[in-house]
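Q: Could we go through this structure together? I would like to take the ligand site, some individual residues and the backbone geometry in turn.

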Amino acid sequence: MGTELADFLRRQIRQTGPMTVAEWMALCLGHPRHGYYMTRDPLGAAGDFTTAPEISQMFGELLGLWAAQCWLQSGQPDPVHLVELGPGRGTLMADALRATRRVPGFHQALRVHLVETSHTLRERQRQTLAGVEVTWHDRLAEVPAGPLLLLANEFIDALPIRQFERTTRGWAERKVGLDEEDSFTFLLDPRPGDTLVPPALRNADIGAVVEICPAGQAVAREAGERLAAHGGAALFIDYGYAGPSAGDTLQAMRGHAYAPLLEAPGEADLTAHVDFTALAEAARAGGAKSWGPVEQGSLLQSLGIAHRAASLKRVAAPDQADGIDAALDRLTGDAGMGRLFKALAVTGPDTSAPAGFE
Ligand code: SAH
């Protein structure tokens, strides 16, 4: 492959040696000029993957109402920062704001912040949210201190992971290097070291792979610190598992199908399943309380998605009604996203259970 990003990665490896999977992911997704998210809108039928807010307006509406409920539970702080991490096309935020228009005082209190590194997607968000006062940031750290309502859907899965493999000589980090033909290839760091593998997994079978997402843990910790200091709530939704468990979950998606991991850097989406236990521990280390994870299907059902679907269907044409049923099934059903996707809530230490996490 001769893309500019591939050339850059080859040069980098020749100069400084094989790179960690995290460095590879960070460059493939986030290289300022050639990174996957920088150069395109990857969402929807014409793109590489579809997310819950793009499947149905019901998703963003219910998350908006969840945030408003948390705001009421935390004593209606004014101002309050409504922050979305990795907002894609801005669809979730638009639906959340529309659904909460009539919550007395809520919109007056809101300051809307989007944490987004891609200028292509920022432009898309600007169009979707025309008329809304929005501040964009590269990182959560740039959002001013204060009470916080934070939403993140399919954000953590895009953050770089490191992978460690158990060998007969100990735990070795998996890296990306070059083979004799100058093609990218996975290899193991010849100097094993086990410092990042959680104690519960240290005795896994030879060949087992363990994934760590330092950037995801840092975000959860920072959210936890802010919620502990100023109150509010955060909701992380992603596909993942309650760890610790071993398994290689790194995957590439292109045109709605799995693609080879190293073949076309910057042309495919790269993600890994989220370890919700590690995320919750990081949030608690920041001083906050964590809730769940619960399955996405169960969260959406307890937030009333069936009622919302029924009321949308009452005003829909017959073919649209079928679409609403299909979306409901995809978001909540076992064969769709209902079980694979999980939701983790984080709140200040003295807060009662947020909706859907009782
Ligand atoms: N939440 C959206 C989009 C998910 S795709 C939805 O559900 O439809 C991942 C999003 O995170 C994209 O907007 C991408 O540009 C953004 N993103 C990825 N890595 C990021 C990072 N390190 N910092 C900020 N945004 C990032």
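The conversation below takes up the ligand site, one helix, several single residues and the backbone geometry.

Q: What kind of model is this, and how are the residues numbered?
A: This is a predicted model, in which local features need pLDDT of at least 70 and side-chain atom pairs count only at pLDDT 80 or more, while totals for chains, interfaces and linings use all residues. Residues are numbered from 1 along each chain as its sequence is written, and side-chain values use heavy atoms, with hydrogens and water left out.

Q: Which residues come nearest to the ligand?
A: Thr51, Gly86, Gly88, Glu116 and Asn153 come nearest, out of 17 residues around the ligand. A residue counts as near a molecule or strand if one of its heavy atoms lies within 4 Å of it.

Q: Which polar atoms lie close to the oxygen atoms of the ligand?
A: A polar side-chain atom of Thr51 is 2.5 Å from a ligand oxygen, and an N or O atom in the side chain of Glu116 is 2.6 Å from an oxygen atom of the ligand. A polar contact here is a pair of N or O atoms within 3.5 Å; within protein, one must be able to donate a hydrogen and the other to accept it, and residues adjacent in sequence count only if both atoms are side-chain atoms.

Q: And how much of the ligand does the protein cover?
A: On its own the ligand has 570 Å² of accessible area, and the protein covers 91% of this. Accessible areas come from the Shrake-Rupley method with a 1.4 Å probe; for residues, only the protein chains shown count as cover.

Q: What about its nitrogen?
A: A nitrogen atom of the ligand lies 2.7 Å from a polar backbone atom of Gly86.

Q: Let us turn to helix 9. Which of its residues are buried?
A: Helix 9 spans residues 276–285, and its buried residues are Phe276, Ala278, Leu279, Ala280, Ala282 and Ala283. Buried means under 20% relative accessible area, exposed over 50%, and partly exposed in between (1.4 Å probe, protein chains only). Helices (H or I, at least four residues) and strands (E, at least two) are DSSP runs, numbered from the N terminus.

Q: What do those buried residues pack against?
A: They pack against helix 8 (214–230) and against strands 10 (232–241), 14 (274–275), 15 (289–295) and 16 (341–347). Contact means heavy atoms within 4.5 Å.

Q: What is found at the start of the helix, and what follows it?
A: At the start of helix 9, a side-chain oxygen of Asp275 comes within 3.0 Å of the backbone nitrogen of Thr277. Gly287, with a positive phi near 105°, follows the helix.

Q: Moving to strand 6: is Thr167 buried or exposed?
A: Thr167 is counted as buried because its relative accessible area is 16%. It belongs to strand 6, which covers residues 162–167.

Q: What does Thr167 touch?
A: Leaving aside residues up to four places away in sequence, Thr167 touches Ala172, Leu188 and Ile206. A polar atom of the Thr167 side chain also lies 2.7 Å from the backbone oxygen of Gly170.

Q: And Glu165, buried or exposed?
A: Glu165 is also in strand 6, and it counts as buried because its relative accessibility is 18%. With residues up to four places away in sequence not counted, the residues it touches include Trp171, Arg174, Leu188 and Val209.

Q: How about Tyr258, buried or exposed?
A: Tyr258 counts as exposed because its relative accessibility is 66%. This residue is in strand 12 (residues 257–259), and it touches Gln251, Ala252 and Met253, not counting residues up to four places away in sequence.

Q: Now the backbone. Where are there cis peptide bonds?
A: The bond from Asp78 to Pro79 is cis, with omega near 5°, and so is the bond from Gly243 to Pro244, with omega near 0°. Pro79 is in the loop between helix 4 (57–73) and strand 2 (80–85), whereas Pro244 is in the loop between strand 10 and strand 11 (251–254).

Q: Which residues other than glycine have a positive phi?
A: Among them are Gln76, with phi of about 55°, and Asp182, with phi near 70°. Gln76 is in the loop between helix 4 and strand 2, and Asp182 is in the loop between strand 7 (170–178) and strand 8 (184–188). Gln76 is partly exposed, at 42% relative accessibility, and Asp182 is partly exposed at 28%.
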